[in-house]
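Me: I would like a close look at one part of this model, taken slowly. Please explain each term with its cut-offs as you reach it.

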Amino acid sequence: HFFQSKSLELKGKTVVITAGPTREKIDPVRFISNHSTGKMGYALAEKAKASGARVVLITGPVQLTAPTGVEVVKVESAEEMYNAVLQFFASADVVIKTAAVADYRPKTAYDHKVKKQSGDTFIELERTKDILLELGARKGKQILVGFAAETDNVEEYAKKKLLAKNADMIVANNVKTEGAGFGTDTNIVTIYKRNGEAVPLPLMSKHEVADKILHEISVLLKDLEK
Ligand code: CTP
Ligand code: CA
């Protein structure tokens, strides 16, 4: 049995990956968040590192250990994630936005615990920055990869996001499908590409999905070098 060296398809490239959920503070004891566990993003970080890249992992709060050799930036809110991503954007060859970023945050974050009131509504929300959209508008040489977790009309929404955010690839899944989505070790995704191609993948581990995504990215990077 021969020792086979891992192919270093991303050698010399800087890959920035965002992972996990964001937390939007309500007060010192409460926040708004989502079910993201970070598994897909951490799998991508591990595989990108193994492919020879410099990897920056910008992560929301998750219960995972970062892969060895990866630069880790811990963030909580969408705003913090935005600032961290922008800091690394100029030096990035690839940005993969796996994170489930909150779309809204409380208009006011209180420094004291808020007591319940007699009225029937509470908490005004405002939009967070759409990080991928902002990156798309600033894009130079970078390859931008977004994710789309949907419950219906997956293809339509994925293609819309690809164009609206000026991304090169959107990795979409239906979170209602068994074996796909939040918290699982597997996923069933379709990769929608800028050139109109769609690459549907069968049920596989998130590590295998990561390999497929990184391979598609390396193909795009090679095209850029031509
Ligand atoms: N995204 C982001 N910043 C946000 C919201 C989303 O960078 N404030 C990124 C996600 O990381 C993901 C992609 O945009 O890579 C798509 O996220 P998604 O939530 O599916 O799409 P939205 O544009 O937020 O639209 P909606 O939630 O209404 O489907
Ligand atoms: Ca969203």
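Reply: Helices α1 and α5 lie oblique to each other, because their axes cross at roughly 55°, and oblique is the word left for angles that are not under 35 degrees (roughly parallel), over 145 (roughly antiparallel) or 65 to 115 (roughly perpendicular). Helix α1 covers residues 39-50 and helix α5 residues 206-225, and their axes come within 8 Å. An axis here is a line fitted to C-alpha atoms, for helices over the stretch in contact, and the angle, which runs from 0 to 180 degrees, is taken between N-to-C directions. The crossing of α1 past α5 is right-handed, meaning that the near helix is turned clockwise from the far one by less than a right angle, whereas anticlockwise would make it left-handed. The names of helices (H or I, at least four residues) and strands (E, at least two) follow DSSP runs, numbered from the N terminus.

This is a predicted model, in which local features need pLDDT of at least 70 and side-chain atom pairs count only at pLDDT 80 or more, while totals for chains, interfaces and linings use all residues. Residues are numbered from 1 along each chain as its sequence is written, and chains are lettered from A and ligands numbered from 1 in the order in which they are written.

A second pair of helices can be described in the same way. The axes of α2 (residues 78-89) and α3 come within 10 Å and cross at roughly 25°, and these two helices are therefore roughly parallel to each other. Here too, α2 passes α3 in a right-handed crossing.

From the helices we can turn to the sheet. Eight strands form an open sheet with mixed pairing, in the order β5-β4-β1-β6-β9-β10-β12-β13. Its edges are β5 and β13 (198-200), each of which has a single partner strand, so one side of each is left without a neighbour in the sheet. From one strand to the next, the twist averages 15°. Two strands are said to pair if DSSP finds at least two bridges between them.

Starting at the β5 edge, β4 is joined to strand β5 (residues 71-74) by four bridges, and the two run parallel. Within this pairing L57 has V72 as its bridge partner, and I58 stands opposite V73. On to the next neighbour, six bridges join β4 to strand β1 (residues 14-19), again running parallel, with T14 standing opposite R54 in β4. Five of the six residues of β4 (residues 54-59) are buried, so this strand is largely enclosed by the rest of the structure. Buried means that 20 or more other C-beta atoms lie within 10 Å of the residue's own, exposed that there are 12 or fewer, and partly exposed that the count falls in between, with C-beta atoms placed from the backbone.

Further along, β1 is joined to β6 by four bridges, running parallel, and V15 stands opposite V94 in β6. Strand β6 (residues 94-97) is covered on both faces, since V94 and I96 on one side and V95 and K97 on the other are all buried. On its other flank in the sheet order, β6 pairs with β9 in the parallel sense over four bridges, and V94 stands opposite I143 in β9.

Strand β9 leads to the ligand. Ligand 1 is surrounded by 15 residues, the closest being K97, V101, I131, L132 and G146, where a residue counts as near if its C-beta atom, placed from the backbone, lies within 6 Å of the molecule. Two or more residues of this shell come from each of α3 (131-138) and β9 (143-150), and β9 gives the largest share, four residues. By class, the shell has eight nonpolar, two polar and five charged residues; nonpolar covers Ala, Val, Leu, Ile, Met, Phe, Trp, Tyr, Cys and Pro, charged covers Asp, Glu, Lys and Arg, and the others, Gly among them, count as polar.

Finally, the loop between β9 and α4 (154-164) contains N153, which has a positive phi of about 45° although it is not a glycine. With 10 other C-beta atoms within 10 Å, N153 is exposed. The loop between α4 and β10 (169-174) holds N166, which also has a positive phi, about 55°, without being a glycine. N166 counts as partly exposed, with 16 C-beta neighbours inside 10 Å.
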